[in-house]
Every structure is written in structure tokens, then in C-alpha cells.
Amino acid sequence: MNDCLILNATAVLTGLPGDRARLPQCDVRVRHGKIAAMGALVPEPGEVVYDATDRVLAPGWVNSHHHLFQSLLKGVPAGLNARLADWLAAVPVRHRRAFDHEALFRLAVRVGLSELLASGCTTVADHQYHHYPDMPFDPTAVVFDEADKLGLRMVVCRGLATQVRQIDATPSPQIAPEPLDLFFRRVADDATRFNDTAPDAMRRVVVAPTTPNWSVRPDELREIARFARSLGLRMHSHLSETADYGRHTSEVYGCTPLAFVERHEWVGPDVWFAHLVWMEEAEQRLLAQSGTGMAHCPQCNARLGSGTAPVVELLRLGGKVSLGVDGAASNEAADMLSEVHMAYLMHRLRHGPEALSTDDVVHMATAGGADVLGLPGIGTLEIGQAADLASYRLDSAAAIGLHDPGSAPVLCGRALQTDTVWVAGKPVLMGGEMPGLDRAQLAAHAREAVQHITQTVAG
């Protein structure tokens, strides 16, 4: 059983909104993987005790949008100064041909998950679109297996493209389109094998075409929505990442991107979209009123020069906003501490210092993520919730001299050291180290893999 007592935390963040965001110094008791008590607690006989003195305790981050296979595509020179369309062609599209065997794909997933875990992330939604008809391995099974080895909660957003973009007119076999009937069969099988409907599920499957207005035909989009809902699966995709999305949708379909997806049954509380940088006011209202969620990816949006998503505006409308890291190929700082730090700064730059507090950002990156993923049993520190927690060291160089310890995870960002991480009460990171993971060996294998990828693409 995953039972323990966490004592003496200097500050406790709950992930809840408003005046419930912080607790005075308190202890947390875990029983059977869930939070059983909070307050001034005394150790019980035989209880495992963790001393959280000089630590900040918070819910584990919930990363609502990622591309794990890109973890071996950081800083590709051809994409460093490119905007989205050119970056797509130069980096993920061009390099997918190297991911034609399980070992390389598995290594990339392990690299990405270990980096996320090191930042205190406990739940990951991987938009896994690397699929093609005659694939020699099962990428969904690989992602779940690697998450299980590290002890993380995993949501696999199973990607799909039934057609290729014009600029990808002569694709390699690894980016060949996938017939819709084959996709349906494979997703139904994935759902049978892996999907758990529990509010604190360790495994979830989501239906996730790459982009609604480019990757599939409009008639297929509606068919996909009905298929997903018939299986009780949530839906996810990219949308409105750049101004080109809106221009293309207006020219081809005579409406905005949000109106287009609404027309094809792709809005509602079981749907969330990544990015949504470019939205008209009517689209923001539609998003909020329909309960459709946003996965905000501030570092990727800044890195590619795509713009600043209307997060503050959406929150004021009562919309659902979460935080996503996106792929390491467009965000070399693939961790949630960097992401919360960037989210905090980006919107204060745009709207002023009253735009977002550190507690607002924590809520967005924990409870907000749990909300869009449909996992109400995680994301907050409350009695009865899953014991997904992270503690951060206040003796980290970046935190020394900090007047408000509870603000450390947001203000200090990646420079803050993660000490211990628990998932369902089980310690999966202790003293900054992951049990059973040799980081030096992982780094050596990654260097060899990068050389292999470079040679494969050059050849």
C-alpha cells in the first residue's frame, strides 16, 4: 500500500482557486494512494515519514499537451529561426523517417517523461501522432509502458492524419496518411486494452486527429467525433496556433476555426484544443460557453513566434484553461517548471501585473489540466484526492532570499530543485533521482540516437 506521512512543509499549495490556493504550514497523510488527512498530524506506529522541512509542497503538474517522440529533436538547426509551417516541414515531418523502429521511439519517450518527472509533473497527455499504416511496432503500448516504468499517469491522445499537406506531397512511409477505417479499428483496440474511466485513472485513451481543418476531411471530422463519443473517449487536437489557421478556414469554409469545429461536433466539455492563440471574441465566448478546453503552450508559442493566446480573456469568461509543454522540438525546455514560469511572465507582459498571480498559474497547471483531461480525482491537494504531490527545495539557489516560499515553483522556474514526487502515494522521484533510471546512461544513448537521426535524414 502507498501509505506515508509528509511532515513540516514550509508552504502547501492546493491547486484550488482563490483563497483556498494556500494552506498554512501543515502535514499530509496518505492512505491507499489517496490523501487521507491534512493538518497538524502525529506519526502513527510503523508509518513511513517524509520530512518536508524547508520544502514547498504542491499538486503534481498536469501536462495537457505534449509530443514525446520529439524529445530527441531539440534544437534542430534548420528549425531554430522558422515559423510554424516551415518548422513543421524542417523538423518533425523531415525527421519522422528516423523513427521507424521501436528502440529509438521508446528512448525518445523515456527522455521526455524523465525530464517532465524531474520538474514535478505527474500526469502527461501525449498527442502521439507518429502513426502510419504498416508500422512495425505499437507506439501506444510503448508510451503506456514507459509511463508505467516511471510511475506516471498517462493520457495517450491517439493522433491521425488521413491526408497530407501540400508541402508534404511526397511523404516518406513514416508520414504516410492512415485510412480512417484502420484508425477506428486501432483506437477501438487501444480503448479495450488501456482506457480506464476512473476519476484518477493511470491510463486514458483520447481520439486526437492532428489538426481538424487540415489533417482530415470535414465529413471525416464529424464521423470521428461520433466514433469517439460512442466509445466514451474524449477528443483533442491542435487549433488556431497561427493566424494562418483563421485565414485558411475563412477562405475555404467561410467561417472561423471555432465555428468550423462546432459545425462538425467538435466542441463541448469532452474536447480540448492545444494553442488557440488566434481567436476572435466570438470564438472565445463559444469556447467558454461550450465548456471546450484550452491547452496553453506559452513557451512553444513564443519559440515559434506564433503569438500570445488570450488566456486572461478566456479565464474572465469562465473558460477552461490548462497548461501544456508541447514537443521538445519546439520547446527545448520540456518541463513544467519552465512552462509555469513562462505563463506567469507572458500574460503580465501583455496585460499588466494584475493579470495572473502565481496561484492562478498553479491552478491552471494542476486542477485546470485535470479538468480538461476529465480526471477529477487528481490535480488538487484535498482529502479524498489522489496523492499526486511534488516537493521543491527552498534551499535551491534560486529560492534563497525569497520572501514568499509558496510562490517558488512559479517565480523560480526551472532553477528550482525538485526533491520528491509521489504518484498515487508512491515516491517516483526521491532526492531528485528516479529509482532505476541511470541518467548518465540515458544521456549517452540519447547522444548516439541524435547522431543516428542526423545521419538518417542526411542520407
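Leaving aside its neighbours within four places in sequence, with which residues is Phe99 in contact? In the predicted model described here, this residue has contacts with Phe69, Leu72, Leu73, Leu104, Phe105, Ala108, His130, Tyr132, Phe137, Gln174 and Ile453. Phe99 also belongs to the largest nonpolar core, a set of 117 residues. Within that core, the residues with the most contacts are Trp61, Leu72, Phe99, Leu113, Met154, Leu258 and Trp266. Helix H2, which spans residues 102-118, gives the most to this core, with 9 residues. A second core, separate from this one, has 16 residues and includes Val62, Ala295, Leu375 and Ile378. In soluble globular proteins, nonpolar side chains tend to be buried together.

Aromatic residues were examined next. Over the whole structure, 10 aromatic pairs are found. One of these pairs is formed by Phe69 and Tyr129, whose rings are arranged edge-to-face, with 5.4 Å from centre to centre and 90° between the planes. Phe69 is placed in the loop between strand E8 (61-66) and helix H1 (84-95), and Tyr129 in the loop between strand E9 (121-128) and helix H3 (139-150), so the pair ties together parts that are 60 residues apart in sequence. Phe69 counts as buried because its relative accessibility is 1%. Tyr129, with a relative accessibility of 12%, likewise counts as buried, given that the cut-off for this class is under 20%. Together with Phe99, these two residues, Phe69 and Tyr129, form one aromatic cluster. Phe69 is also among the contacts of Phe99 listed above.

The strands were then considered by sheet. An open sheet of 6 strands follows the order E3-E2-E7-E16-E17-E18, and its pairing is mixed. Strand E3 (22-23) and strand E18 (426-429) stand at the edges of this sheet; each has a single partner strand, so one side of each is left without a neighbour in the sheet. Inside the order, strand E7 (residues 55-59) and strand E16 (residues 389-393) run antiparallel and are joined by 5 bridges. In this pairing, Val56 is set opposite Tyr392 of E16. Strands of a sheet pair through backbone hydrogen bonds, in either a parallel or an antiparallel sense.

Another open sheet consists of 4 strands in the order E5-E4-E1-E6, again with mixed pairing. Its edge strands are E5 and strand E6 (49-51), each of which pairs on one side only. From one strand to the next, the twist averages 20°. Strand E4 (residues 27-31) is joined to strand E5 (residues 34-39) by 5 bridges, and the two run antiparallel. Arg31 stands opposite Lys34 of E5. These two strands, E4 and E5, form a hairpin with 2 residues between them, and His32 in the turn has a positive phi of about 55°. On the other side of the order, strand E1 (residues 4-7) pairs with E4 in the antiparallel sense over 3 bridges. Leu5 has Arg29 as its bridge partner in E4.

Positive phi values also occur at two loop positions. Asn8, which is not a glycine, has a positive phi of about 70°. Asn8 is located in the loop between E1 and strand E2 (11-13), and it counts as partly exposed because its relative accessibility is 34%. Asp326, also a residue other than glycine, has a positive phi near 70°. The loop that holds Asp326 runs between strand E15 (320-323) and helix H11 (336-351). In contrast to the partly exposed Asn8, Asp326 counts as buried, at 4% relative accessibility.

A further loop residue, Asn213, was examined for its surroundings. Asn213 is situated in the loop between strand E11 (203-209) and helix H5 (218-230). Because its relative accessibility is 3%, Asn213 counts as buried. Its side chain makes a polar contact of 2.8 Å with the side chain of Thr249. When neighbours within four places in sequence are left aside, the contacts of Asn213 are Tyr245, His248, Thr249, Tyr253 and Phe260. Thr249 thus appears both as the polar partner of the Asn213 side chain and in the list of contacts of Asn213.

Technical notes
Residues are numbered from 1 along each chain as its sequence is written. This is a predicted model: local features need pLDDT of at least 70, side-chain atom pairs count only at pLDDT 80 or more; totals for chains, interfaces and linings use all residues. Side-chain values use heavy atoms; hydrogens and water are left out. Two strands pair if DSSP finds at least two bridges between them. A nonpolar core is a set of buried Ala, Val, Leu, Ile, Met, Phe, Trp, Tyr and Cys residues joined through side-chain atoms within 4.5 Å. Buried means under 20% relative accessible area, exposed over 50%, partly exposed in between (1.4 Å probe, protein chains only). Contact means heavy atoms within 4.5 Å. A polar contact is a pair of N or O atoms within 3.5 Å; within protein, one must be able to donate a hydrogen and the other to accept it, and residues adjacent in sequence count only if both atoms are side-chain atoms. Axes are lines fitted to C-alpha atoms, for helices over the stretch in contact, and angles run from 0 to 180 degrees between N-to-C directions. Rings of Phe, Tyr and Trp (its six-membered ring) pair if their centres lie within 6.5 Å; planes under 30 degrees apart count as stacked, over 60 as edge-to-face and the rest as tilted.
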